[in-house]
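Q: I'd love a close look at one part of this model and at what surrounds it. Could you walk me through it in one connected answer?

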Amino acid sequence: MNVLRLLLLASLVVGCADDPPPPFSGEIECRGGDCVCPGTGDCRMNCLGDCNLQCAGSGGCDFACGVGCKTACTGSGPCAVAVGDEGRVSCTGSGGCDVLCDADCTVECPGSGTCIARCKAGTNCKIERCGEDVKTCPNGALVCHGACPP
């Protein structure tokens, strides 16, 4: 995951947890069940409320969503996700997930890709369904199926 993408994700969660994050450049804004990336190519989505985001193709996905967001990364492309309070990310594919949690969140990692949960200080975020011991990194990130990020 490149540093620019992580900085972009970090900037998304600076605002209030109840507000949707600001949009990416050239992204799709969506609500509800309309938040599914196409089967191929990269995808950027900004959830405006009540969303279940899905990345099921082979391209990379960048998602941003607020409180109570549900995200599924089931494809072979990498997912970068910024979630608000009580966000839940299911990483069942092979592309891996890099999740930035603005507040309490859960990342499920039964897939074969690396899962990273980057948690804001003072929050309760966790990785579940890893199938191996979850690593706690010196920078506070949690990792399943991989090494600690720089």
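Which residue stands opposite Val81 in E6?

A: Happy to, and please keep in mind that the model is predicted. The residue that stands opposite Val81 in E6 is Phe63. The pairing behind that match involves strand E4 (residues 61-64), which is joined to E6 by four bridges, with the two strands running parallel.

Let's stay with strand E6 for a moment. The strand covers residues 79-83, and because five of its five residues are buried, E6 is largely enclosed by the rest of the structure. Its side chains go two ways: Cys79, Val81 and Val83 point one way, while Ala80 and Ala82 point the other way, and all are buried. E6 also pairs with E8, through five bridges and again in parallel. Within that pairing, Ala82 has Leu100 in E8 opposite it.

From E8 we can move on to the loop that follows. Asp102 sits in the loop between strand E8 (97-101) and strand E9 (105-108), and its side chain meets that of Lys120 in a salt bridge, at 3.4 Å from N to O. This pair links distant parts of the chain, since Lys120 lies in the loop between strand E10 (115-119) and E11, 18 residues apart from Asp102. The two partners have unlike surroundings: Asp102 is buried, with a relative accessible area of 9%, whereas Lys120 counts as partly exposed at 44%. The cut-off for buried is under 20%, so Asp102 falls in that class.

That salt bridge belongs to a set of seven found in a search of the whole structure. Another joins Arg88 to Glu128, whose closest N and O atoms are 3.2 Å apart. Here too, distant parts of the chain are linked, with Arg88 in strand E7 and Glu128 in strand E11 (residues 125-128), 40 residues apart. Glu128 also meets Lys126 in a salt bridge, with 3.8 Å between N and O. Arg88 is partly exposed at 33% relative accessible area, Glu128 is partly exposed at 27%, and Lys126 is partly exposed at 37%. Stepping back, these three residues take part in a network of salt bridges that links Arg88, Glu108, Lys126, Glu128 and Arg129.

Strand E7 deserves one more stop. Ser90 is found in this strand, which spans residues 87-91. Ser90 is buried, with a relative accessible area of 18%. Leaving aside residues up to four places away in sequence, Ser90 touches Thr71, Ala72, Cys73 and Glu108. Glu108 is therefore a shared point in this picture, as it contacts Ser90 and is a member of the salt-bridge network.

Finally, a word on open space. Rolling a probe the size of a water molecule over the atoms shows where empty space is left. The second largest pocket has a volume of about 160 Å³. Its lining is made up of 13 residues, and those nearest its centre are Cys47, Gly49, Asp50, Cys51 and Val67. By type, the lining of this pocket divides into seven nonpolar, four polar and two charged residues.

How values were computed. Residues are numbered from 1 along each chain as its sequence is written. This is a predicted model: local features need pLDDT of at least 70, side-chain atom pairs count only at pLDDT 80 or more; totals for chains, interfaces and linings use all residues. Side-chain values use heavy atoms; hydrogens and water are left out. Buried means under 20% relative accessible area, exposed over 50%, partly exposed in between (1.4 Å probe, protein chains only). Contact means heavy atoms within 4.5 Å. On a 1 Å grid over the protein atoms alone, a cavity is a set of points where a 1.4 Å probe fits but cannot get out, and a pocket is an open set with protein on both sides within 12 Å along at least five of seven lines; lining residues have an atom within 4 Å of a point. Grid points are joined across faces, edges and corners, and a volume is the space filled by probe spheres set on the points. Ala, Val, Leu, Ile, Met, Phe, Trp, Tyr, Cys and Pro count as nonpolar, Asp, Glu, Lys and Arg as charged, and the others, Gly among them, as polar. A salt bridge is a side-chain nitrogen of Lys or Arg within 4 Å of a carboxyl oxygen of Asp or Glu. Two strands pair if DSSP finds at least two bridges between them.
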